[in-house]
Amino acid sequence: MRIFKNLGQALRGLRLNRGNTILMTLGVMIGIASLTVIVAIGDGIKIKVLSRIANMGFGPESFSVIAGAGRMFFSRSKNTTSMTLEDAEDLLALPTVRLVVPRQRTRTQIINKKEFTGTRVYGVTPDWQLARGWKMADGDFLSDNDLDRRKRVIVLGATPARKLFKGKDAVGKMVRVQNNFYQVIGLLEEKGMTESGYDPDDRALIPLTTSMSRLTHQTYLHSIKVVALDSSQVPETMEAVREILRRNHNLSVLADDDFRFVTPEGIMQWVTESEQALNRMLILISTVSLLVGGIVIMNILLVSIRERVREIGIRRCFGARRSDITFQFLFESVLVSLLGGLMGVGLGLTISFGLKRFDVLPTHITVEPFILSFVFCSLIGLIFGIHPARKAAFLSPEESIRS
Amino acid sequence: MNLIEMNSICKSYRNIGFETQVLKDVTLHIKEGDYVSIIGPSGAGKSTLMAIMGCLAQPTKGEYILDGEEVGKLNDRKLSRVRNEKIGFVFQAFHLLPGVTALENVTLPLVYAKNPPRNIKERAKELLAKVGLEHRLHHTPGQLSGGEQQRVTIARSLINDPRIILADEPTGNLDSKNGIETMKTFDNLIKEGKTIILITHDQEVAQHAGRIISIRDGQIASDSKVSHEEQNRSL
């Protein structure tokens, strides 16, 4: 077959014009490598966000009300003092509500003699354990008695427990949080670090009343977790919660809410939206980088053809048709972009693996970049090769032999 | 029958509005087996005449019949085939593919042949042996001397067994010893029945041919037979 002979001549051409071949390969390689890395990062971030949501401990029937207006994942405004324990009691009175957990959250240090660790200390009610469904590894959870008597007791997550007690028995020991000593009464069961690096075990729990009087010195709540009887009742429960809170906080009809909801649906919607934005950005960047690769190929091929005018003339003298020359140069450009694509995927995977290995960015490697780069590279080779190839084919044999 | 029949061929090039007439009304008939020299000073139109004869360029006006086919009416496909099958080119500057071995250079025309023979390599080796290069099969042009390169181009021009050899200043880049070698090779080819058209500006080289056509200012100035004595003297 004539076309296979052209392919053979193309391979020879690539071998003989090594410098140009390497430059063209590099152009595509960089484009495909960035595409591979971008896809890996995109997938990695998606997985990280999804796993973080899973670790927030949301069942489908629960949602949180956070003090202060604003966006879902941004930190609460420090001075929103309107949410109180009375609000929590009113919410519990709603017919569709099963559990209500009022919370305060402080980031501080816990100290055991010479050992210390920074962690999140939550002031909660005993219902917290029911709402989260979190089992104990040792000891007991906070009791109503602890809450009523503002006892200085603490339940440790697995991470602070390990850091403070180095595997020794912790229950019954005393730890210091700011100016007060607390007795460790229980240890939470370990959930383990997620793939994305979020550590759900990095927390400690004390009675809400103790938190109010000894840790935060605040009487207002930072958030309330609400668990409805059934997931189908979540929307109407949220509406009822909004009504109660607006009334309790004396908000006029025109005023905005001074609290916000975090719901599983809300998070999913946020994730979907950010994923779409991310994907749009990825497509844009990939297109630009592939375009650059294609233009590099076209330019180098055009220069290469100027250098190889005589070769083209010789081939024409000895019977090469225009189509033979066209196919030879098209094959050269497609082969070069496929080679560049292959090397680019290799480089991209190496970079993606490195980013993950050294904790720079979460990446996830899939089969997509292989397929994508194969398709894109063939297309790039064809699209950006056709102009130089036609140009070479339509050189006059008489003039090119004389040059 | 004439193998090459050129009737009132004109060729002009247009350059930024200027029209340069390179060939003016050239009429020329060459029979199969003829050994023809075309001589003339540089710029006389020798190379253009050769380009038209070799189907590398089309005449602006006139009729060119090669082996019974009117070249002006052929498309690129058929023209390429004519070049491939009927004509063997030998160039002053050799025009070998750089970086490619002598053997592969010789087989280049077969890449584009319609029905290439099976024993390509053997034929190429045979031809290279015929020009005395059996020890240089795998050398690239850069590793060969000028005389050796010219012999490779001659082997290449013969691989498709063409009827016409078009040689453009074949001795121009060679020393006298290699020049004489090349001319001897051509003399042998004539004995094998090839038609040779030799373009040169060297009167002595031209004397090898049986017929000398002199070109001046794009027109045939003289067309003369060379006597056997003259031919023999130059040998």
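A crossover is right-handed if, with the strands pointing away from the viewer, the path from the first strand over the helix to the second runs clockwise. Helices (H or I, at least four residues) and strands (E, at least two) are DSSP runs, numbered from the N terminus.

The model is predicted: local features need pLDDT of at least 70, side-chain atom pairs count only at pLDDT 80 or more, and totals for chains, interfaces and linings use all residues. Residues are numbered from 1 along each chain as its sequence is written, and chains are lettered from A and ligands numbered from 1 in the order in which they are written.

**Exercise 1. Describe the surroundings of strand β7 (residues 164–168) of chain B.**

Step 1: handedness. β7(B), helix α6 (residues 176–191) of chain B and β8(B) form a β-α-β unit that is right-handed.

Step 2: pairing. Two strands pair if DSSP finds at least two bridges between them. Strand β6 (residues 87–91) of chain B runs parallel to β7(B), with five bridges joining them. Val90(B) has Ala167(B) as its bridge partner in β7(B). Strand β8 (residues 195–200) of chain B also pairs with β7(B) in the parallel sense, again over five bridges. There, Ile197(B) in β8(B) is opposite Leu166(B).

Step 3: burial. A residue is buried if 20 or more other C-beta atoms lie within 10 Å of its own, exposed if 12 or fewer, and partly exposed in between, with C-beta atoms placed from the backbone. Five of the five residues of β7(B) are buried. Ile164(B), Leu166(B) and Asp168(B) point one way, Ile165(B) and Ala167(B) the other.

**Exercise 2. Set out the open sheet of four strands in chain B.**

Step 1: order. The strands follow the order β2-β1-β4-β5 (chain B), and their pairing is antiparallel. At the edges are β2 (18–31) and β5 (69–70) of chain B, each of which pairs on one side only.

Step 2: one pair in detail. Strand β1 (residues 2–15) of chain B is joined to β2(B) by ten bridges, antiparallel. Met6(B) is opposite Leu28(B) in β2(B), and Arg14(B) is opposite Glu19(B).

Step 3: the turn. The hairpin of β1(B) and β2(B) has two residues between the strands, and Ile16(B) has a positive phi near 40° in this hairpin.

**Exercise 3. For Arg150(A) and Cys55(B), give the phi angle, the location and the burial class.**

Step 1: Arg150(A). Its phi is near 50°, positive although the residue is not glycine. Arg150(A) sits in the loop between α5 (144–148) and β5 (153–156) of chain A. Because 16 other C-beta atoms lie within 10 Å, Arg150(A) is partly exposed.

Step 2: Cys55(B). This residue, also not a glycine, has a positive phi of about 60°. Cys55(B) belongs to the loop between α1 (46–53) and β4 (61–66) of chain B. Cys55(B) counts as buried because it has 26 C-beta neighbours inside 10 Å.

**Exercise 4. Which residues does Ile39(B) touch, not counting residues up to four places away in sequence?**

Step 1: location. Ile39(B) lies in strand β3 (residues 35–39) of chain B. Ile39(B) counts as buried because 23 C-beta neighbours fall inside 10 Å.

Step 2: contacts. Two residues are in contact if their C-beta atoms, placed from the backbone, lie within 7 Å. With that sequence exclusion, Ile39(B) touches Thr200(B), His201(B), Gln203(B), Ala206(B), Ile212(B) and Ser214(B).

Step 3: one of these partners. Ile212(B) is 173 residues from Ile39(B) in sequence, while their C-alpha atoms are 7.2 Å apart.

**Exercise 5. Characterise the nonpolar cores and the side of chain B that touches chain A.**

Step 1: cores. A nonpolar core is a set of buried Ala, Val, Leu, Ile, Met, Phe, Trp, Tyr and Cys residues joined through C-beta atoms within 7 Å. The largest has 107 residues, and those with the most contacts inside it include Ile297(A), Val106(B) and Leu166(B). Helix α2 (residues 18–55) of chain A gives the largest share of this core, eleven residues. Another core, of 43 residues, lies apart from it and includes Val124(A) and Leu164(A).

Step 2: interface. In contact are 18 residues of chain B and 17 residues of chain A. On the chain B side, α2 (76–86) and α3 (102–111) each supply at least two residues, and α2(B) gives the largest share, six residues.

Step 3: classes. Ala, Val, Leu, Ile, Met, Phe, Trp, Tyr, Cys and Pro count as nonpolar, Asp, Glu, Lys and Arg as charged, and the others, Gly among them, as polar. The side of chain B that touches chain A has ten nonpolar, four polar and four charged residues.
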